[in-house]
Amino acid sequence: MTGSPSSTYAGKLVLFHGPGKALESRSAQWKPPQGAEILVKITHTAICRSDLHTHCGHRSVPTPTVLGHEIMGRVVAFGPSASRMDLRGEPLEPGDRITWSIYAHCGDCFHCHSGWPQKCTDLFKYGHEPVSSDGSDSSGGMASYIQLRPGTSVLKLDPQIPDHHAVTLNCAMATAAAVVRRAALSEEPAPLVVVMGGGYAGLSTAAMCKAQGARAVMVVETQTALHSRCLDFGADAVFQPEEDALKTWVMNQSAGRGADHVMEMAGSSAAAELGLELLATGGGLMLAGTVFPSPSIPVDPERMVRGCQTIAGMHNYAPQDLLAATRFLEEEGRNLPWDALHGGTMCLDQSQEAFDEAQRSPGKRWILTP
C-alpha cells in the first residue's frame with residue numbers, strides 16, 4: 001500500500017432509508033484499500049437531480065444506501081495492485097485531487113468490448129448500491145471516504161479548476177459530452193441544435209455544441225428565471241415550450257427545414273415529443289434526461305421513415321466522455337459562468353437541509369463537504 005498507513009480511517013456517512021424517511025448521519029470506519037482499490041478522501045459531493053428523484057421517490061434504489069455520485073476527492077492510499085496512472089496516462093500520487101467515473105466496469109464483457117462500458121454486465125455504480133445497516137461498505141458520495149473499485153476511470157484534475165466547477169464533471173458534464181459525441185456535429189453545413197432543458201446538463205450540452213461548431217443553439221426551458229443564464233452559456237435563443245415563437249425561430253434559422261439535432265436533457269416526455277416535431281429531414285432526437293419512469297410519447301413511423309430521422313438514447317457515458325468533459329472545462333469552458341449554477345455548500349450533518357434547498361432551487365447544484 002502507498003500512502004499514509006492506518007489501520008482504519010474514521011469519518012462520517014449519511015444513510016438513505018427511503019423516500020419520506022429521515023437521513024441518518026453516523027460515524028463510520030474505512031479499511032485500508034485492498035488489491036486494486038484506491039482509497040479517496042471525499043472533498044465535495046454535489047446533489048444531482050437524480051439524487052433528488054431518488055430522495056422523493058420518483059425512482060427507486062435498494063436501501064439503505066449512501067447517495068451521491070457527483071463526487072471528487074483526494075487520493076489517500078493505493079491497494080498493492082492499484083494502477084498509479086490516470087485516464088490520461090499521468091502518474092497518480094497520494095494527495096492528488098481527482099474525479100472518476102460514476103461506475104466501475106469489468107472490461108471483459110460484451111458491452112465493455114462493444115463500447116458501452118456503462119452497460120457492463122457486472123456494473124457497479126457509485127451512489128446507487130445497497131449498503132449494510134451500518135454503512136460499512138459505503139460507496140456513495142455522502143461520506144468522508146470512498147473506496148474506488150477496479151475498473152473505475154480516474155482522472156487527475158487541473159489545479160486551476162475550482163472545486164465547485166469540477167464536482168459535476170463525472171455526471172452532468174460527462175453525460176453532456178457523451179450526447180454531443182454521439183450526435184456527431186461534424187456535418188456540413190454546421191448544424192442547428194435544440195437543447196431541451198436549461199439545467200446543469202442542458203447548459204453543458206449547449207456550451208459544448210457551440211464549442212464544436214454548431215451554427216446556432218436554442219434552449220427550451222420552462223422557467224423564465226433561468227433564461228438569461230442559458231444565453232450566458234452559449235444559447236442563441238431561449239424559449240418556453242409553449243411559445244409560438246419557438247417553432248418560428250427554428251424554421252427561420254433553418255430556411256424552413258427544422259432542427260438537425262434535438263437533445264432532450266430535461267427529463268420530460270413532453271420535451272421529447274416537442275423535439276420530434278422540430279426535427280428536420282435527416283435530423284436526430286437524442287434522449288438523455290429521462291432516467292426515471294416517464295410517460296410514453298407517440299411516434300409516427302411513416303414520418304420517421306420518410307424523414308430519414310433517428311431517435312437514440314444515451315445513458316451515462318464512456319471514459320472518453322469524462323476525459324472530453326474535463327478537457328472542455330480546462331479549455332473552451334473555463335471562462336463560462338459556472339459560479340451561477342452553484343446553489344451553496346453545506347456539511348454532511350446538514351444533508352437534509354441541503355436536499356430541501358436543492359428541491360427549492362432547480363437548476364442549481366448544492367454541494368456537501370465532509
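## Exercises on two pockets and a sheet

The largest pocket has 43 lining residues; R49, M265, A266, G267 and G289 lie nearest its centre. The model is a predicted one.

**Exercise 1.** Describe the lining of the largest pocket by element and by residue class.

*Solution.* Start with the elements. Those that give two or more residues to this lining are α1 (49–56), α4 (169–183), α5 (200–211) and α8 (269–278). Next, sort the residues: 20 are nonpolar, 17 polar and six charged. Finally, add the volume, about 920 Å³.

**Exercise 2.** Characterise the second largest pocket by volume and lining.

*Solution.* Take the volume: about 310 Å³. Then take the lining, which has 16 residues. E37, S136, D137, S138 and Q147 lie nearest the centre of this pocket. By class, the lining holds five nonpolar, six polar and five charged residues.

**Exercise 3.** Trace the six-stranded open sheet and find its edge strands.

*Solution.* Write down the order: β12-β11-β10-β13-β14-β15, with parallel pairing. Now look at the ends. β12 (237–239) and β15 (310–313) each have a single partner strand, so each has one side without a neighbour in the sheet. Then check the twist: neighbouring strands are turned by 20 degrees against each other on average, direction ignored.

**Exercise 4.** Examine the pairing of β11 with β12, then place α8 on the sheet.

*Solution.* β11 (residues 216–220) runs parallel to β12, joined by three bridges. V219 stands opposite V238 in β12. Turn to the helix. α8 packs on the sheet and touches β10 (192–196), β11, β13 (259–264), β14 (279–287) and β15. The direction of α8 makes about 160 degrees with that of β14.

Technical notes: Residues numbered from 1 in each chain as written. Predicted model: local features only at pLDDT ≥ 70, side-chain atom pairs only at ≥ 80, totals over all residues. Heavy atoms only, no water. 1 Å grid on protein atoms, 1.4 Å probe; cavity = no way out; pocket = protein on both sides within 12 Å on 5 of 7 lines; lining within 4 Å. Points joined across faces, edges and corners; volume = space filled by probe spheres on them. Helix = DSSP H or I, 4+ residues; strand = E, 2+ residues; numbered from the N terminus. Nonpolar A, V, L, I, M, F, W, Y, C, P; charged D, E, K, R; others polar. Pairing = 2+ DSSP bridges. Axes fitted to C-alpha atoms, helices over the stretch in contact; angles between N-to-C directions. Contact = heavy atoms within 4.5 Å.
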